[in-house]
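This briefing is meant to be read alongside the sequence and the coordinates. It takes up the surface and charges, then the overall fold, and then one helix.

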Amino acid sequence: MTILITGGAGFIGSNFVHHWCNNYPNDRVIVLDALTYAGNRQNIAPLESLENFRFVQGNIGDRSLIDSLLRAENVDTVAHFAAESHVDRSILGPDAFIQTNVVGTFTLLDSFRHYWTEKGSPENYRFLHVSTDEVYGSLGPDDPAFTETTPYAPNSPYSASKAASDHLARAYFHTYKVPTIITNCSNNYGPYHFPEKLIPLMCINILLGKPLPVYGDGQNIRDWLFVLDHCKALDIVIHKGQPGETYNVGGNNEVKNIDLVTLLCELMDELAPDLPVKPSKQLITFVKDRPGHDRRYAIDATKIKTELGWTPEVTVEEGLRKTIQWFLNNREWWQPLLSQEYQDYYQKVYGVSV
Ligand code: NAD
Ligand code: TYD
């Protein structure tokens with residue numbers, strides 16, 4: 001297989017690149033990443049010396065680059081992760097979300113369509129579009145979990161842009177028979193997670209003895225999935241999934257934000273030596289809610305389980321322990337990410353500096 005992985009220097013993408021290189025050492029892996037603020041070449045640095053590996057810095061919206069890369073590398077599989085991915089940033093500035101998530105995905109899909117047609121429309125080619133459960137909108141406390149047929153109802157500029165890209169991936173199968181597959185996954189966490197997201201932000205702030213900002217009443221619910229479980233699901237979808245299908249991926253781990261942050265504090269107190277403030281729970285601070293904040297997400301992953309045989313393996317507590325240990329062991333990874341750009345972002349969202 002020759003697989004083009006877009007966004008492979010980001011959080012989930014880089015975990016997936018490691019997973020693929022470990023499990024399929026004979027496959028050729030091309031990573032295309034624009035290295036935005038969220039992209040970090042360090043995440044995949046140990047792989048760059050592999051013979052079958054190539055890193056290309058570039059934008060998914062650059063049509064001539066994509067056209068030539070697909071042909072030069074004879075790509076048969078695309079795993080498309082590249083995106084603007086943070087809801088709070090989409091509220092501050094939606095433009096980049098439309099450019100990358102909508103226009104960029106369109107450019108990639110359309111380039112792949114022409115290339116695939118020119119090759120004689122091979123049946124074994126795949127275009128995996130990696131998406132989110134946020135496209136389905138917000139659930140009430142007693143609503144059933146999202147299935148693949150739940151109507152789309154995105155509420156943030158981020159989820160709206162991902163919904164638009166999902167529709168394009170779907171349309172390219174129905175109209176042109178391009179072998180696209182869509183996955184909609186719940187909240188991931190684990191190694192290489194950029195500090196702006198809930199779990200790494202809380203880990204880092206506990207280590208720094210800074211306030212832990214919980215939005216609103218802290219009763220919002222997310223379904224949490226350890227990132228390597230997500231990577232395994234995507235692997236199975238690439239190998240066994242049906243073109244034109246959508247698969248929901250979730251951890252079956254619904255947790256209220258306040259309970260998750262409290263558990264994180266308890267695990268940090270146990271695992272981290274010399275915390276500046278202990279018990280770290282004292283740092284929890286309720287702050288102004290995120291505008292349009294979705295109340296609850298929950299995934300029904302019956303389809304991927306029954307049709308493809310995937311189930312999550314890591315419990316929340318186990319996954320959080322691994323994640324905390326990773327952040328404790330990799331200070332030199334996250335410390336430089338608390339840059340001036342990050343401080344400016346933090347100031348805009350939280351009104352204070354980290
Ligand atoms: P991330 O923000 O950590 O990484 C995104 C990567 O894409 C970065 O390396 C960035 O440099 C790159 N990128 C951004 N714009 C680009 C462009 N125009 N051209 C090329 N590269 C570009 O995101 P993530 O959390 O790893 O998410 C990856 C994918 O998974 C996204 O599509 C996201 O919507 C989806 N997803 C994320 C989650 C989650 O919990 N993080 C859950 C479900 C689905
Ligand atoms: P986040 O990691 O941004 O993921 P998403 O919004 O895509 O689900 O946030 C997860 C949950 O945590 C969400 O309900 C918002 C909440 N949250 C806070 O309470 N405080 C924070 O500082 C952040 C970043 C998120």
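The accessible surface of the protein chain comes to about 14400 Å², and carbon and sulfur atoms contribute 50% of that area. The model is a predicted one, and the values below are computed from it.

**Charges and burial**
- The protein chain carries 30 positive and 42 negative charges, and the mean positions of these two sets lie 1 Å apart.
- Of the 354 residues in the protein chain, 57% are buried.

**Overall dimensions and fold**
- Because a compact globule of 354 residues would have a radius of gyration near 20 Å, the 20 Å found for the protein chain agrees with that expectation.
- Taken along the principal axes, the box filled by the C-alpha atoms of the protein chain is roughly 65 × 45 × 40 Å.
- The secondary structure of the protein chain consists of 12 helices and 12 strands.
- Among contacts in the protein chain with a separation of 6 or more, 80% join residues that are 24 or more positions apart.

**Helix H7**
- Helix H7 covers residues 227-240, and because its 14 residues should span 20 Å at 1.5 Å a residue, the 20 Å between its end C-alpha atoms agrees with the expected span.
- Helix H7 is mostly covered, with 10 of its 14 residues buried.
- The buried residues of H7 include the charged-type side chains Asp229 and Asp235, together with His230 and Cys231.
- Also buried in H7 are Val227, Ala233, Leu234, Ile236, Val237 and Ile238.

Methods. Residues numbered from 1 in each chain as written. Chains lettered and ligands numbered in written order. Predicted model: local features only at pLDDT ≥ 70, side-chain atom pairs only at ≥ 80, totals over all residues. Heavy atoms only, no water. Helix = DSSP H or I, 4+ residues; strand = E, 2+ residues; numbered from the N terminus. Rg over C-alpha atoms; globule rule 2.2 N^0.38 Å. Buried < 20%, exposed > 50% of the residue type's maximum accessible area, 1.4 Å probe, protein only. Contact = heavy atoms within 4.5 Å. Areas by Shrake-Rupley, 256 points an atom, 1.4 Å probe, with all protein chains shown as cover. Charge placed at Lys NZ, Arg CZ, Asp CG, Glu CD. Expected span 1.5 Å × (residues − 1).
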